[in-house]
Structure formats: C-alpha cells, structure tokens
Amino acid sequence: MKLRTIQIEKRFVPEWNDNKKLPATEQVVIHFSRIPGTSEKSTYKGFRINQSGGMELVYNDNLLCSSFVSKVDNLEINDKKVKTGAELATASHTALSELFVEIRNYLFPEDEELTEGES
C-alpha cells in the first residue's frame, strides 16, 4: 500500500478573479483557523431535488467559510471590507460562488485521496 500526504497551508491565495496577477500587497488572501480532516467533508454536503426531479449534491459553503476561515485580506464586496470568515459567508455577490468553490476544493482536494494497492 502506498500512502501520500497532502501539505495544505493555513494561508491561501486563490486564483479567483485573476487574483494571483495582482501585486502581492493587493492580493486576496484567505487565512484558515485550521485545516479540516477529509472525514469532515460530509458535514458540508447535502442533497436537494432539482427542477427536473433529480437529486443534486450541494455544499454548505457558508458554513465551511464561517467554520474554517479566520481572516480575509484585501477583499471588498459592494464597497464593504470583508475581514472574517463569517463576513465572507454572509457577503452577497454572484462572483463569490467561484471563490467558495475554490476554497472548498483547496480544503478538500479531490485528486489527492489516499489509495490502496497503488503501483
């Protein structure tokens, strides 16, 4: 059996909105209070019935952000500075959904699962 470890920093600079192209002093930086274990992922998942009657996986990104994001640098939404995970979770802007997805994918990377019997 081969095991891989994942190094996840508590400081994250997202790609969102061409953020990494900005000077370092202007980049949005997300600071995490802690990094969740992969077993915690199910806590932030749920299901709902979509318009066609099928089941759809949904994530509670607001709960994820308010639970794990301790500080946000250089983010302003609708002329209001966002400084904490709770403020990020309650901020309202359509472009934030992409940021939430990036945060979720960073905290729970899909392609880094531990595998058994890998050659």
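1. Helices, as the word is used here, are DSSP runs of H or I with at least four residues, and strands are runs of E with at least two, both numbered from the N terminus. On that basis the secondary structure of this chain, which belongs to a predicted model, comes to three helices and seven strands. Followed along the sequence, these elements appear in the pattern β-β-β-β-α-β-β-β-α-α.

2. On the chain as a whole, there are 119 residues, of which buried residues make up 31%. The area that the chain exposes is about 8,000 Å², and carbon and sulfur atoms supply 48% of it. If one takes the contacts in the chain with a separation of 6 or more, residues 24 or more positions apart account for 54% of them.

3. Strand 2 (residues 29-32) deserves a paragraph of its own, since its pairing can be described on two sides of the sequence. Strand 1 (residues 11-12) runs antiparallel to strand 2 and is joined to it by two bridges, with phenylalanine 12 having isoleucine 30 as its bridge partner in strand 2. Strand 2 is also joined to strand 5 (residues 69-73), again in an antiparallel arrangement, and here the bridges number four; within this pairing, phenylalanine 32 stands opposite valine 69 of strand 5.

4. The side chains of strand 2 should be read together with that pairing. Val29 and His31 point one way from the strand, while Ile30 and Phe32 point the other way, and all are buried. Ile30, the partner of phenylalanine 12, and Phe32, which stands opposite valine 69, therefore both have under 20% relative accessible area, the cut-off for a buried residue.

5. The packing of helix 1 (residues 61-68) against helix 3 (residues 96-107) is the next point: their axes come within 10 Å and cross at roughly 60 degrees, and the crossing is left-handed. From helix 1, the residues Asp61, Asn62, Leu64, Cys65 and Phe68 take part, and they meet Phe100, Ile103, Arg104 and Leu107 of helix 3. By class, the residues of this contact divide into six nonpolar, one polar and two charged.

6. Two residues in the loop between strand 1 and strand 2 call for a check of the backbone. Most residues other than glycine have a negative phi. Asparagine 17, which lies in that loop, has a positive phi of about 60 degrees although it is not a glycine. Aspartate 18, also placed in the loop between strand 1 and strand 2, has a positive phi of about 55 degrees and is likewise not a glycine.

7. Are these two loop residues buried or exposed? Asparagine 17 counts as exposed because its relative accessibility is 61%, and the cut-off for that class is over 50%. Aspartate 18 has a relative accessibility of 48% and therefore counts as partly exposed.

8. Histidine 93 has its place in the loop between helix 2 (85-90) and helix 3, and at 41% relative accessibility this histidine counts as partly exposed. Which residues is histidine 93 in contact with, leaving aside its neighbours within four places in sequence? They are Ile77 and Asn78. For asparagine 78, which is 15 residues apart from histidine 93 along the chain, the C-alpha atoms of the two residues are separated by 7.9 Å.

Technical notes. Residues numbered from 1 in each chain as written. Predicted model: local features only at pLDDT ≥ 70, side-chain atom pairs only at ≥ 80, totals over all residues. Heavy atoms only, no water. Axes fitted to C-alpha atoms, helices over the stretch in contact; angles between N-to-C directions. Left-handed = near helix turned anticlockwise from the far one by under 90°. Contact = heavy atoms within 4.5 Å. Nonpolar A, V, L, I, M, F, W, Y, C, P; charged D, E, K, R; others polar. Buried < 20%, exposed > 50% of the residue type's maximum accessible area, 1.4 Å probe, protein only. Areas by Shrake-Rupley, 256 points an atom, 1.4 Å probe, with all protein chains shown as cover. Pairing = 2+ DSSP bridges.
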